[in-house]
Amino acid sequence: MARKQKYKKRILPRLCVFGLVLYAVYTLISIQLEVSNLERNISNLESSISKVKLENNELERLLGFGETDEYIEEIAREKLGFCYPDEKILVDRSGN
């Protein structure tokens with residue numbers, strides 16, 4: 001009888017330690033998964049930021065370019081089909 005009581009007394013601390021170890025492992029795994037998800041989100045956001053910065057630089061360039069005579073001439077030629085009075089426009093109709 002004394003042996004069974006001694007065995008029962010030793011198993012309870014072992015179960016507690018085992019439970020704590022399982023909880024610690026579960027917590028570490030869940031934290032690692034959360035960190036990897038956050039790193040993936042950071043990577044996606046950084047790529048989005050770089051795309052937006054490129055777009056912003058292009059828009060700033062166009063904004064500065066819009067005030068020049070060259071830009072106005074380019075728009076008049078391409079969008080409106082204007083040309084100088086003494087200029088001849090050749091159109092390639094070969095489809096190449």
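Which side chains meet in a salt bridge at 3.2 Å, N to O? In this predicted model, that contact is formed by the side chains of Glu-73 and Arg-77. Both residues belong to helix H2, which spans residues 69-78, and a spacing of four residues places them about one turn of the helix apart. Neither end of the contact is buried: Glu-73 is partly exposed at 32% relative accessibility, and Arg-77 is likewise partly exposed, with a relative accessible area of 32%.

Arg-77 also takes part in a second contact, a salt bridge with the side chain of Glu-87 at 2.8 Å, N to O. This pair connects distant parts of the chain, since Arg-77 lies in helix H2 whereas Glu-87 lies in the segment after H2, ten residues away. Glu-87 has a relative accessible area of 28% and is therefore classed as partly exposed. Through shared partners, the salt bridges unite Glu-73, Arg-77 and Glu-87 in one network.

The structure holds three salt bridges. Apart from the network, a salt bridge is found between the side chains of Glu-58 and Arg-61, with an N to O distance of 2.7 Å. These residues are three positions apart in helix H1, so about one helical turn separates Glu-58 from Arg-61. Both side chains fall in the partly exposed class, Glu-58 with a relative accessible area of 38% and Arg-61 with 44%. In general terms, side chains of opposite charge can pair when their charged atoms come close.

With regard to overall architecture, the secondary structure consists of two helices and zero strands. Helix H1 covers residues 2-65 and contains Ile-29. Of the 96 residues in the protein, 1% are buried. The exposed area of the protein is about 9,600 Å², of which 62% is supplied by carbon and sulfur atoms.

A nonpolar patch is present on the surface, with an area of about 440 Å². The residues that make this patch are Val-17, Val-21, Val-25, Ile-29 and Leu-33. Ile-29 thus ties the description of the patch to helix H1, in which this residue is found.

The cysteine residues were also examined. The count of disulfides comes to zero, the criterion being a pair of cysteine sulfur atoms within 2.5 Å. Cys-16 counts as partly exposed, at 46% relative accessibility. Cys-83 is assigned to the partly exposed class as well, with a value of 40%.

Conventions. Residues numbered from 1 in each chain as written. Predicted model: local features only at pLDDT ≥ 70, side-chain atom pairs only at ≥ 80, totals over all residues. Heavy atoms only, no water. Patch = residues over 30% accessible without salt bridge, like charges linked within 9 Å, V, L, I, M, F, W, Y side chains within 5 Å. Areas by Shrake-Rupley, 256 points an atom, 1.4 Å probe, with all protein chains shown as cover. Salt bridge = Lys/Arg side-chain N within 4 Å of Asp/Glu carboxyl O. Buried < 20%, exposed > 50% of the residue type's maximum accessible area, 1.4 Å probe, protein only.
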